[in-house]
Amino acid sequence: MSRIGNKVITIPAGVEVNIADNFATVKGPKGELKQQFDKEITFNIEGNEITVVRPSDSKRHRTIHGTTRAILANMVEGVSTGFKKELELIGVGYRAQMQGKKLVLSVGYSHPVEFEEIDGIKLGVEGNTKVSIEGINKEVVGQYAAKVRAVRPPEPYKGKGIRYVGEYVRRKEGKTGK
């Protein structure tokens, strides 16, 4: 039995949810998100609560039940509060800076690495070593953060690289002398 799919989604004040023909439109103070869902899943909206219902206990319906509920809940949360991923640069000479709408990273390559700000994403730099990525779509924010992190992932010997704030990097011992 799905635990996540059975949870009720509470709609906060200021958020408007419309679901017609399994096409959901969620509007809130931060923006608007749209998503097409599977035709067999049904949604019950009562007051300020949404319940996601599956037609049967077949394997296919069980697999999409929790996913559908999680995506809709993330849409509601995104338009009301938004999502934020923070990255930190660790290493001598590693730094980040904003040049207009571009994020410019100096992470030990012979050239700086540049990232353009895309629709739905807001980039920010705190100090020289912290990068924040904000947006209303959880999938887009996470994918963009993963793309920035992939420029120089943390290495296990010295721990240098780009990592999420709070991420634990397992360290290795390295060579041992005689």
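**Domain arrangement, strand pairing and the largest pocket**

Arg149 has its place in helix H2 of this predicted model. Once the neighbours within four places in sequence are left aside, Arg149 is in contact with Leu87, Pro154, Ile162, Arg163, Tyr164 and Glu167. A further relation links Arg149 to Glu88, for although 61 residues separate the two in sequence, their C-alpha atoms are 9.2 Å apart in space.

The protein is divided into two domains, with domain 1 spanning residues 9-81 and domain 2 spanning residues 83-164. Eight residues from domain 1 and four residues from domain 2 take part in the contact between them, and the C-alpha centres of the two domains lie 31 Å apart. The size of an interface is often expressed as the accessible area that is lost when the parts come together. Here, the area buried between domain 1 and domain 2 is about 490 Å², and carbon and sulfur atoms give 68% of this area. On the side of domain 1, the residues that lose the most area to domain 2 are Leu33, Asn74 and Gly78, which together account for 65% of what that side buries.

The largest pocket holds about 220 Å³ of space, and its lining consists of Leu33, Lys34, Gln35, Ile71, Asn74, Met75, Asn137, Lys138 and Glu139. Because both domain 1 (9-81) and domain 2 (83-164) give residues to this lining, the largest pocket lies between them. Leu33 and Asn74 thus belong to the lining of the largest pocket and are also among the residues of domain 1 that lose the most area to domain 2. At least two lining residues are supplied by each of strand S4 (31-36), helix H1 (59-80) and helix H2 (138-149), the last of these being the helix in which Arg149 is placed. In chemical character, the lining of the largest pocket divides into three nonpolar, three polar and three charged residues.

Strand S4, which contributes to the lining of the largest pocket, is joined to strand S3 (residues 23-28) by six bridges, and the two strands run antiparallel. Leu33 is the bridge partner of Val26 in this pairing, and a hairpin joins S3 to S4 through two residues. In a regular strand, the side chains alternate between the two faces of the sheet.

Further antiparallel pairing involves strands S8, S9 and S10. Strand S8 (residues 95-99) pairs with strand S9 (residues 102-106) in the antiparallel sense over five bridges, and within this pairing Leu105 of S9 is the bridge partner of Ala96. The hairpin of S8 and S9 has two residues between the strands, and Gly100 takes a positive phi near 70 degrees in this hairpin. S9 also pairs with strand S10 (residues 113-116), again in the antiparallel sense, over four bridges, with Glu114 of S10 as the bridge partner of Val104. In the hairpin of S9 and S10, six residues lie between the strands, and Gly108 takes a positive phi near 90 degrees.

Key. Residues are numbered from 1 along each chain as its sequence is written. This is a predicted model: local features need pLDDT of at least 70, side-chain atom pairs count only at pLDDT 80 or more; totals for chains, interfaces and linings use all residues. Side-chain values use heavy atoms; hydrogens and water are left out. On a 1 Å grid over the protein atoms alone, a cavity is a set of points where a 1.4 Å probe fits but cannot get out, and a pocket is an open set with protein on both sides within 12 Å along at least five of seven lines; lining residues have an atom within 4 Å of a point. Grid points are joined across faces, edges and corners, and a volume is the space filled by probe spheres set on the points. Ala, Val, Leu, Ile, Met, Phe, Trp, Tyr, Cys and Pro count as nonpolar, Asp, Glu, Lys and Arg as charged, and the others, Gly among them, as polar. Domain bounds come from an automatic or database domain assignment. Two strands pair if DSSP finds at least two bridges between them. Contact means heavy atoms within 4.5 Å. Buried area is the accessible area (1.4 Å probe) that two parts lose on being put together, summed over both.
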